[in-house]
Every structure is written in structure tokens, then in C-alpha cells.
Amino acid sequence: MAVVSWKEVLLLSALVVGCYWNTLWCGFVFDDVSAILDNKDLRPATPLRNLFQNDFWGTPMAAERSHKSYRPLTVLTFRLNYLLSELSAPSYHLLNVVLHAVVCVLFLRVGRTFLDRTSSLVAALLFAVHPIHTEAVAGVVGRAELLSSIFLLAAFLAYTRSTGRDNSIVWTPIGVTVVLVSAATLCKEQGITVVGICCVHEVFVAQGFTLPMLGDTFLQVLRDKACFPYTVLQTLLKLMVLVISTLLLVIVRVQVIQSQLPVFTRFDNPAAVSPAPTKQLTFNYLLPVNAWLLLNPSELCCDWTMGTIPLVESFLDARNLATLAFYGLLGLLAYHSLRYSHSSAKTVIMALSLIVLPFVPASNLFFPVGFVVAERVLYVPSMGFCVLVAHGFRVVSRKGQLKKMSWMVIGVLLATHAVKTFNRNWDWESEYTLFTSALKVNKNNAKLWNNVGHALENQNNYERALRYFLQATRVQP
């Protein structure tokens with residue numbers, strides 16, 4: 001397993017700083033206001049235990065209006081920022097940039113477990129500059145994604161050391177994995193999904209199984225129960241420990257939120273309160289929408305609620321073709337990765353696990369969430385996307401006549417993404433710049449018109465503010 005050199009660490013760190021240094025001039029905008037400026041849990045006078053009794057926004061978990069987002073470790077870092085600089089925004093943004101650089105280095109280290117040295121570096125470089133990350137890095141509340149990702153990647157790396165040279169189980173790394181998974185979950189809820197990624201790695205990469213092999217093994221066990229392969233027993237034992245630990249974390253989590261789901265309005269997520277089949281068609285259509293943002297992050301928006309994405313109300317809606325195409329491509333990739341055991345299949349299955357599993361909690365497919373689309377939740381799934389791009393680059397670059405062309409394409413992609421990221425950061429400078437930039441992408445969201453009006457109102461520009469308020473009422477009477 002190749003290690004990460006100090007030159008690669010410096011390269012990634014320099015790239016992150018080059019893309020995000022201008023965030024130091026950004027203030028507290030959008031959700032930062034509630035999580036930082038209005039959150040009493042950051043103040044030294046507030047007892048430290050309150051961090052473990054309140055949600056991410058400082059509201060008691062027992063309160064009906066609580067968001068039920070339990071992220072005490074993330075709030076603890078906000079509190080440390082406050083101790084150092086109170087409400088000076090640059091220190092909060094600086095820590096976010098540092099954390100993003102740490103994630104990039106850890107991601108490179110993880111990539112080395114199933115990619116070659118060059119491809120893993122390409123994936124890490126693309127991840128470092130991808131514009132979809134601006135919300136997670138430039139927005140202070142995006143620190144939840146950054147911290148959770150650090151512990152998530154560290155947990156995966158710890159788990160990869162759980163098999164000894166003689167294929168025996170090494171329990172210390174598994175214990176460390178459970179601790180790191182718990183820490184990731186206390187930073188943001190999606191951190192728990194790393195358990196699924198570890199399970200996929202154990203079965204299809206470490207043990208080299210395919211679906212046909214698993215089927216044959218199962219039939220063999222049914223025919224002769226005494227002939228149970230020792231390696232399969234070891235694998236089952238390790239996975240059982242992970243699954244049981246996960247169930248305990250879920251039980252604790254349910255107890256913390258007191259078995260209550262947060263309450264969202266129909267404006268936060270219109271499809272969640274729509275009848276069938278509108279609800280199902282819309283939620284499934286949001287999957288290709290998110291995939292398109294990863295593939296073409298040219299039009300980014302801080303708020304996708306209300307009327308940003310019209311509901312898919314009929315099977316005859318042309319947008320359903322995008323949903324079918326998405327599932328078709330996903331099915332082909334899954335078939336390729338689960339049917340065969342060569343290195344390419346292992347790379348693809350790890351990429352898919354990084355894309356799909358961390359995104360499931362935010363997908364709306366199993367339970368509604370408080371948003372339609374949120375770019376920050378694509379932070380971890382984008383790792384899998386970058387792995388797929390890097391893997392495709394490796395395949396193409398092996399063909400002599402396309403080698404120079406593939407390197408040129410990657411160079412152009414990294415350069416354009418870096419420029420887009422740098423320019424996008426300026427949108428997060430103030431609430432006025434953020435919401436006006438969002439209106440360039442989406443004029444059907446009354447909330448954006450209303451928020452620009454409030455930003456102008458705070459600047460005492462009442463005449464212009466009134467025009468935006470009136471436009472908000474026209475868009476959403």
C-alpha cells in the first residue's frame with residue numbers, strides 16, 4: 001500500500017489554499033447566522049454540557065422546533081473558534097480551509113488502497129478543486145461535512161488494517177474504527193455510513209468475492225453445513241461486530257432525538273407533502289439532478305427549496321427520462337463491479353459505495369429531509385465521483401494515442417474547476433452577494449427574492465428592498 005509523500009501533501013495543501021484563500025474575506029452568511037451568531041452554545045458562559053443536550057443550532061433536543069441534528073463535536077470546534085477570536089469570521093473560515101486540506105490528504109491515502117499512485121493523485125487533485133465543495137468550505141456550517149469526512153476516512157483506513165499477514169483478525173483496528181465512526185456521527189449524521197463502505201471493501205475488495213461467488217458459497221453451505229469456509233467465518237465475524245456497533249449507535253441516536261423526526265414545512269421540501277406518484281417521481285428525479293451537479297457544477301445555488309425544481313407530477317414528464325438514464329447507468333456500473341473480480345471492478349464498486357451510501361440519508365428516498373437539494377451533502381459522494389473520473393483517466397491513458405489527450409483533458413478540467421471554485425467563493429462574501437448570485441441561477445424561488453430584500457433592508461436601501469419583496473409575492477403568492 002503506497003504511502004503519501006510530503007511533496008504530495010504540499011501539492012494538495014497549496015492547491016486548496018490557492019482555491020480558497022479568498023474565503024478569509026467572507027463573513028457569516030445564510031445558515032451561519034443561526035449556527036454561529038445566534039447560537040448561545042458558543043459562548044464561554046454557557047455550560048459545556050449544553051453542547052451535548054442541544055442540537056446543531058443551540059435548540060434543546062426535546063423542543064418540538066428542534067432540527068434534531070445532533071453534532072456536538074462540530075459545535076465544539078465553533079466554540080474553540082469563539083474562544084480564540086469571538087465572532088471574527090476569518091478564523092472560522094481559515095479552520096475550514098485547513099480541514100478541507102486534511103480531507104484531501106486523507107482521501108489520497110484512501111485512494112491508494114484501490115487505485116495506483118497516479119490515478120489516486122488525480123482523484124485527490126480533482127476533489128481538492130471541485131466547485132461543488134464551495135458550500136461546505138466557504139460556508140462555516142459546512143464544517144460538519146469536513147469534520148465528519150475526516151473521521152469517516154480515518155475510520156476506513158483503520159479498518160483496512162484489521163486483517164493480519166496470516167489473514168487473522170486484528171481487533172485493535174476494529175475497535176479504533178468503531179470509535180472513529182462514533183466521532184464521525186457526532187460531527188454529522190452521515191458519518192455512520194462509513195460502516196457500509198467498510199463492509200463493501202471487506203467483502204468485494206479484501207476478500208475478493210463477486211456476487212456469483214457469494215451465491216456459490218451460500219449454496220455450498222446449504223448442502224454441507226460442516227463445510228463452512230474459514231475465511232467466510234472470519235469475514236462474517238468482523239462484519240457482525242461492525243453491524244452491531246452501528247445498531248447501538250443508531251439506538252443511541254434515536255434516544256437522543258427522543259424518537260421524534262424533525263418537522264419541516266412544505267416550503268422546505270414541497271415533494272415531501274405531495275401525493276403519490278408526484279412524491280416518488282420527484283424524489284427519484286432529484287438523483288440525476290445531484291449527479292449533474294457533480295458532472296457539470298457550472299450553476300450552483302445556495303438554496304434549492306420552494307419552487308426551484310418544479311414537481312414531477314406525471315409519468316409523461318420528460319424529466320423521467322433523466323431518472324431512467326441515471327438508474328440505467330448506475331445499474332450497469334453495479335453489474336460490472338459485482339460480476340467480476342479484477343482490479344477495475346474493485347475500483348468501481350468502491351467508487352459506487354462512496355457515492356451511494358453517504359448520500360442515502362439525504363436522498364429523501366427513505367425519509368424526508370429539510371431540503372430539496374443541498375450541495376454540501378455531496379461533499380463525501382463527490383469522492384466516489386472523483387474516483388470514477390480518475391479510473392476512467394487511467395483506462396484511457398493506457399492507450400498510447402490517447403495518453404497525451406487524456407493528460408490535457410485532466411489539466412483543463414483541474415484548471416477550470418479551480419477558477420470556478422475561486423470565483424464562486426466570492427459569492428459567499430455577504431448575504432447580498434450570496435442571494436443575488438443564487439437568483440442568477442434560479443428565479444423561481446421566492447425565498448431568494450425575499451432574502452435579497454432583507455439584505456438590502458439591512459443596508460437601509462428600502463426602496464430596492466421593497467421591489468424584491470414584491471417580486472417574492474409574485475413568485476409565491
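## Aromatic pairs, cores and backbone details

Phe435 is a buried residue, its relative accessible area being just 2%. It makes a good way into this structure, which is a predicted model.

**Aromatic pairs**

What does Phe435 pair with, and how are the two rings arranged? Across the whole structure, a search turns up 12 aromatic pairs. In one of them, the ring centres of Phe30 and Phe435 are 5.4 Å apart and the planes stand at 85°, so this pair is edge-to-face. An angle over 60 degrees is what earns that name. Phe435 belongs to helix α17 (residues 431–441), while Phe30 sits in the loop between α1 (6–20) and α2 (31–37), so the pair ties together parts that are 405 residues apart in sequence. Phe30 also counts as buried, at 16% relative accessibility, because the limit for that word is under 20%.

A further edge-to-face pair is made by Phe422 and Trp426, since their planes are at 90° and their centres 6.1 Å apart. Here the partners share an element: both are in helix α16 (residues 403–426), four residues apart, or about one turn of the helix. Trp426 is partly exposed, with a relative accessible area of 31%. These two rings also take part in a wider group, as Trp21, Trp25, Phe422 and Trp426 form one aromatic cluster.

Aromatic rings meet charges here as well. The charged end of Arg71 is placed over the ring of Phe56, 4.9 Å from the ring centre. Arg339 lies over the face of Tyr340, with 5.7 Å to the centre of that ring.

**Nonpolar cores**

Which residues have the most contacts inside the largest nonpolar core? They are Leu12, Phe107, Phe127, Leu153, Met350 and Met383, in a core of 71 residues. Taking Leu12 as an example, and leaving aside neighbours within four places in sequence, the residues in contact with it are Cys104, Val105, Leu108, Ala124, Leu125 and Ala128. There is also a second, separate core, with 44 residues; Ile132, Phe283, Ala438 and Val452 are among them.

**A helix crossing**

Helix α3 (residues 72–85) packs against helix α7 (residues 143–159) at an angle of about 115°, and the axes are 9 Å apart. Is this crossing left-handed or right-handed? The crossing of α3 and α7 is right-handed. On the α3 side the contact is made by Leu73, Thr74, Thr77, Phe78 and Asn81, and on the α7 side by Arg143, Ala144 and Leu147.

**Around the loop between α11 and α12**

Ala271 lies in the loop between α11 and α12, and is buried, with a relative accessible area of 2%. Not counting residues up to four places away in sequence, Ala271 touches Lys279, Thr282, Phe283 and Leu311. Of these, Phe283 is also included in the second core. Ala271 and Leu311 are 40 residues apart in sequence, yet their C-alpha atoms are 6.6 Å apart in space.

Pro277 is found in the loop between α11 (230–256) and α12 (278–295) too. The peptide bond that leads into Pro277 from Ala276 is cis, with omega near 0°.

Asn320 lies in helix α13 (residues 320–339). At a relative accessible area of 10%, Asn320 is buried. Leaving aside neighbours within four places in sequence, Asn320 is in contact with Leu281, Val312, Ser314 and Phe315.

**Backbone details**

Most residues other than glycine have a negative phi, and most peptide bonds are trans. Which asparagines have a positive phi? Asn364 and Asn460 do, as the table shows.

| Residue | Phi | Location | Relative accessible area |
|---|---|---|---|
| Asn364 | near 70° | loop between α14 (343–359) and α15 (381–397) | 4%, buried |
| Asn460 | near 65° | loop between α18 (446–458) and α19 (462–475) | 53%, exposed |

Both residues are found in loops, but Asn364 is buried, whereas Asn460 is exposed.

Terms used
Residues numbered from 1 in each chain as written. Predicted model: local features only at pLDDT ≥ 70, side-chain atom pairs only at ≥ 80, totals over all residues. Heavy atoms only, no water. Phe/Tyr/Trp six-rings, centres within 6.5 Å; stacked < 30°, edge-to-face > 60°. Helix = DSSP H or I, 4+ residues; strand = E, 2+ residues; numbered from the N terminus. Buried < 20%, exposed > 50% of the residue type's maximum accessible area, 1.4 Å probe, protein only. Lys NZ or Arg CZ within 6 Å of the ring centre and 35° of its normal. Core = buried A, V, L, I, M, F, W, Y, C linked by side-chain atoms within 4.5 Å. Contact = heavy atoms within 4.5 Å. Axes fitted to C-alpha atoms, helices over the stretch in contact; angles between N-to-C directions. Left-handed = near helix turned anticlockwise from the far one by under 90°.
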